[in-house]
Amino acid sequence: MAPPILTDNQRKEKLSHAFVAALAARDGLMFQQGPDPDMDSIDATIRSGPPSPAAVDLQLKATSNARKHHDGLHFRLKRKNYNDLVTQRTVPLVLVVLELPPDESQWLNCTPERMILMKCGWWISLAGRDPLDAGSTTVVIPRTQRFDRSGLAPLFAHLRRRTS
């Protein structure tokens with residue numbers, strides 16, 4: 001195998017994009033990469049179509065040292081990203097964290113029968129929370145907000161409830 005030219009964080013970022021793009025494709029939704037660079041913490045957008053079209057912007061993160069507790073996944077977030085996520089927007093912006101195994105050799109496994117990206121994703125909307133003045137913070141993503149093979153339906157249902 002050739003030596004990697006991407007850092008571990010860049011590799012995790014690319015896997016988080018591939019993960020969300022794959023789920024969107026499976027559910028028949030449009031996945032669009034965000035602007036580069038992502039000045040407003042928007043890494044991607046997912047759109048649904050009729051009968052009730054909707055869109056959600058995503059801040060994508062990935063971690064291979066997840067801290068899971070009884071209340072959910074605890075994830076450290078920089079002030080800039082947190083403040084971007086708490087800002088009320090026309091198109092909602094949510095955080096999606098891809099959880100990867102600590103051993104990078106287990107991140108992705110491809111065989112002739114299947115492609116497996118290990119672990120799952122988690123999502124949370126932070127809209128309406130108070131911004132941070134300094135430092136960083138840990139957000140807790142509830143166990144009920146997994147972003148996995150159940151698809152994107154629960155996320156879009158949550159967003160529809162918030163806007164109706």
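## Sheet, helices and salt bridges

Six strands form an open sheet in the order β1-β2-β3-β6-β9-β11, with mixed pairing. β1 and β11 (146-147) stand at the edges, each with a single partner strand, so one side of each has no neighbour in the sheet. This is a predicted model.

Within the sheet, β2 and β3 run antiparallel and are joined by 5 bridges. Serine 48 stands opposite alanine 54 in β3. Helix α1 packs on this sheet. It touches β1, β2, β3, β6, β9 and β11. The direction of α1 makes about 145° with that of β3. Helix α2 also packs on the sheet, touching β3 and β6. Its direction makes about 130° with that of β6.

**Helix α2**

How many of the 8 residues of helix α2 are buried? The count is 6 of the 8, so α2 (residues 79-86) is largely enclosed by the rest of the structure. The buried residues are Asn81, Tyr82, Asn83, Asp84, Leu85 and Val86. They pack against β3, β5 (72-78), β6 and β10 (136-141).

**Salt bridges**

Side chains of opposite charge can pair when their charged atoms come close. Here the count comes to 6 salt bridges. Three of them, among the 6, are listed below.

| Pair | Closest N to O |
|---|---|
| Arginine 11 and aspartate 8 | 2.8 Å |
| Glutamate 104 and arginine 11 | 2.6 Å |
| Glutamate 99 and lysine 119 | 3.6 Å |

Start with arginine 11. Its salt bridge to aspartate 8 has closest N and O atoms 2.8 Å apart. The two residues are 3 apart in helix α1 (residues 8-26), so about one helical turn separates them. Aspartate 8 is partly exposed, with a relative accessible area of 39%.

Arginine 11 also forms a salt bridge with glutamate 104. Which parts does this pair tie together? Glutamate 104 lies in the loop between β6 (93-99) and β7 (108-110), while arginine 11 is in helix α1, so the pair ties together parts that are 93 residues apart in sequence. Glutamate 104 is partly exposed, at 39% relative accessibility. Asp8, Arg11 and Glu104 are thus linked in a network of salt bridges.

The side chains of glutamate 99 and lysine 119 meet in another salt bridge. Glutamate 99 lies in strand β6, and lysine 119 in the loop between β8 (115-117) and β9 (121-125), so this pair ties together parts that are 20 residues apart in sequence. Is glutamate 99 buried or exposed? Glutamate 99 counts as buried, at 3% relative accessibility. Its partner, lysine 119, counts as partly exposed, at 46%.

**Backbone details in two loops**

Two loops that flank β2 deserve a look at the backbone. Serine 41 is found in the loop between β1 (30-33) and β2. This residue has a positive phi of about 65°, although it is not a glycine. Serine 41 counts as buried, at 1% relative accessibility.

The other loop runs between β2 (44-48) and β3 (54-63), and proline 51 has its place there. Which form does the peptide bond from proline 50 to proline 51 take, cis or trans? That bond is cis, with omega near 10°.

Methods: Residues numbered from 1 in each chain as written. Predicted model: local features only at pLDDT ≥ 70, side-chain atom pairs only at ≥ 80, totals over all residues. Heavy atoms only, no water. Salt bridge = Lys/Arg side-chain N within 4 Å of Asp/Glu carboxyl O. Helix = DSSP H or I, 4+ residues; strand = E, 2+ residues; numbered from the N terminus. Buried < 20%, exposed > 50% of the residue type's maximum accessible area, 1.4 Å probe, protein only. Contact = heavy atoms within 4.5 Å. Pairing = 2+ DSSP bridges. Axes fitted to C-alpha atoms, helices over the stretch in contact; angles between N-to-C directions.
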